Amino acid sequence: MNDKPVILGIDPGTTIMGYAVIAAGHPEPQLLRMGLLDQRKIADHYQRIARIFERTLELVDAYKPDALSIESPFYGNNIQSMLKLGRAQGAAISAALYRSVPVFEYAPRKIKQVITGNGNASKEQIANLLEKILKTELKPETYDATDALAAALCHYYQSRMPGGSQPNGTGRSKSKTGGWEDFIKKNPGRVAGK
């Protein structure tokens with residue numbers, strides 16, 4: 001379908017799952033598709049998990065990604081929410097692995113750091129920067145999909161670093177970086193002038 005490497009990004013959630021597909025072009029990637037799986041009208045938790053698996057499999061079959069980049073769950077106080085989020089993430093990861101797609105997992109703070117340079121950036125700041133990078137308009141109602149797009153773009157940038165991101169036995173990414181000097185050389189358009 002596309003001769004450039006393709007990355008599927010997912011922001012997992014049992015109620016709303018965001019997804020985005022990018023082609024890793026140079027100098028900047030190209031957005032192929034972005035959307036939401038909205039399951040607010042589905043009461044059964046297990047049916048939601050099945051739909052996450054099915055939608056991820058549909059995306060994998062349609063776009064043949066070279067990698068799945070997924071946001072890892074953040075740690076909170078609500079154990080039930082964490083359990084549901086972990087199940088959603090597991091369903092998406094299982095679908096990718098079912099089709100032998102390598103999985104790379106990034107913490108939300110890492111994604112924000114890679115995209116904006118600030119691990120505490122707001123969704124609005126991330127969306128504004130993604131609009132500039134991909135030359136597209138993003139709407140507030142699609143912020144879950146924007147998070148998925150940020151996850152895909154995070155993997156795109158990490159894989160361009162010396163040594164790149166490599167999956168290990170746990171499915172988590174291992175990043176090897178050559179430091180800020182290498183990053184600046186490879187990404188001159190992302191460095192703000194003084």
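**Exercise 1. A glutamine and its setting**

In which helix is glutamine 89 found? Decide also whether glutamine 89 is buried or exposed, and list what it touches.

*Solution.*
- Step 1. The model is predicted. In it, glutamine 89 sits in helix H2.
- Step 2. Apply the cut-off: buried means under 20% relative accessible area. Glutamine 89 has a relative accessible area of 8%, so it is buried.
- Step 3. Leave out residues up to four places away in sequence. Glutamine 89 then touches Pro12, Ile70, Glu71, Ser72, Pro73 and Glu105.
- Step 4. Take proline 12 from that set. Proline 12 and glutamine 89 are 77 residues apart in sequence, yet their C-alpha atoms are 5.3 Å apart in space.

**Exercise 2. The chain as a whole**

State how many helices and strands the protein chain has, and give their order. Then find the buried share and the share of contacts between residues 24 or more positions apart.

*Solution.*
- Step 1. Count the elements: 6 helices and 7 strands.
- Step 2. Read them along the sequence: β-β-β-α-β-α-β-α-α-α-β-β-α.
- Step 3. The protein chain has 194 residues, and 45% of them count as buried.
- Step 4. Consider contacts with a separation of 6 or more. Residues 24 or more positions apart account for 60% of these.

**Exercise 3. Two residues at the start of the chain**

Place isoleucine 7 and threonine 14. Give the accessibility and the contacts of each.

*Solution.*
- Step 1. Isoleucine 7 belongs to strand E1, residues 6–11. Its relative accessibility is 5%, so isoleucine 7 counts as buried.
- Step 2. Skip residues up to four places away in sequence. Isoleucine 7 touches Ala20, Val21, Ile22, Ala67, Ser69, Ala152, His155 and Tyr156.
- Step 3. Check a pair by distance. Isoleucine 7 and leucine 31 are 24 residues apart along the chain, with 9.9 Å between their C-alpha atoms.
- Step 4. Threonine 14 lies in the loop between E1 and strand E2 (16–23). Threonine 14 is buried, with a relative accessible area of 9%.
- Step 5. With the same sequence neighbours excluded, threonine 14 touches Gln39, His45, Arg48, Ile49, Ile52, Lys84 and Ala88.

**Exercise 4. H1 against H2**

Describe how helix H1 packs on helix H2.

*Solution.*
- Step 1. Choose the descriptors. Two packed helices are described by the angle between their axes and the distance between the axes.
- Step 2. For H1 (residues 45–63) and H2 (residues 79–98), the angle is about 35 degrees and the axes are 8 Å apart.
- Step 3. The crossing of H1 past H2 is right-handed.
- Step 4. H1 brings His45, Tyr46, Ile49, Ile52, Phe53, Thr56, Leu57 and Val60 to the contact; H2 brings Lys84, Arg87, Ala88, Ala91, Ala92, Ser94, Ala95, Ala96 and Tyr98.
- Step 5. Sort this contact by class: 12 nonpolar, 3 polar and 2 charged residues.

**Exercise 5. The buried face of H3**

Which residues of helix H3 are buried, and what covers them?

*Solution.*
- Step 1. H3 spans residues 108–116, and its buried residues are Pro108, Ile111, Val114 and Ile115.
- Step 2. Look down the axis of H3. These residues fall within an arc of 130 degrees, so they line one face of the helix.
- Step 3. The cover includes strands E4 (67–71) and E5 (103–106), plus helices H4 (123–134) and H5 (143–160).
- Step 4. Look past the end of H3. Glycine 117 follows, with a positive phi near 85 degrees.

**Exercise 6. Two helices on H5**

Work out how H3 and H4 each cross H5.

*Solution.*
- Step 1. The axes of H3 and H5 come within 9 Å and cross at roughly 65 degrees. H3 and H5 are therefore roughly perpendicular to each other.
- Step 2. H3 passes H5 with left-handed sense. On the H3 side are Lys110, Ile111, Val114 and Ile115; on the H5 side are Ala150, Ala151, Leu153, Cys154, Tyr157 and Gln158.
- Step 3. This contact of H3 with H5 has 8 nonpolar, 1 polar and 1 charged residues.
- Step 4. Turn to H4 and H5. Their axes come within 10 Å and cross at roughly 60 degrees. H4 and H5 are therefore oblique to each other.
- Step 5. The H4 and H5 crossing is left-handed. Lys123, Glu124, Ile126, Ala127, Leu130, Ile133 and Leu134 of H4 meet Tyr143, Thr146, Asp147, Leu149, Ala150, Leu153 and Tyr157 of H5.
- Step 6. By class, the H4 and H5 contact has 10 nonpolar, 1 polar and 3 charged residues.

Conventions
Residues numbered from 1 in each chain as written. Predicted model: local features only at pLDDT ≥ 70, side-chain atom pairs only at ≥ 80, totals over all residues. Heavy atoms only, no water. Buried < 20%, exposed > 50% of the residue type's maximum accessible area, 1.4 Å probe, protein only. Helix = DSSP H or I, 4+ residues; strand = E, 2+ residues; numbered from the N terminus. Arc of directions from axis to C-beta. Contact = heavy atoms within 4.5 Å. Axes fitted to C-alpha atoms, helices over the stretch in contact; angles between N-to-C directions. Parallel < 35°, antiparallel > 145°, perpendicular 65-115°, else oblique. Left-handed = near helix turned anticlockwise from the far one by under 90°. Nonpolar A, V, L, I, M, F, W, Y, C, P; charged D, E, K, R; others polar.
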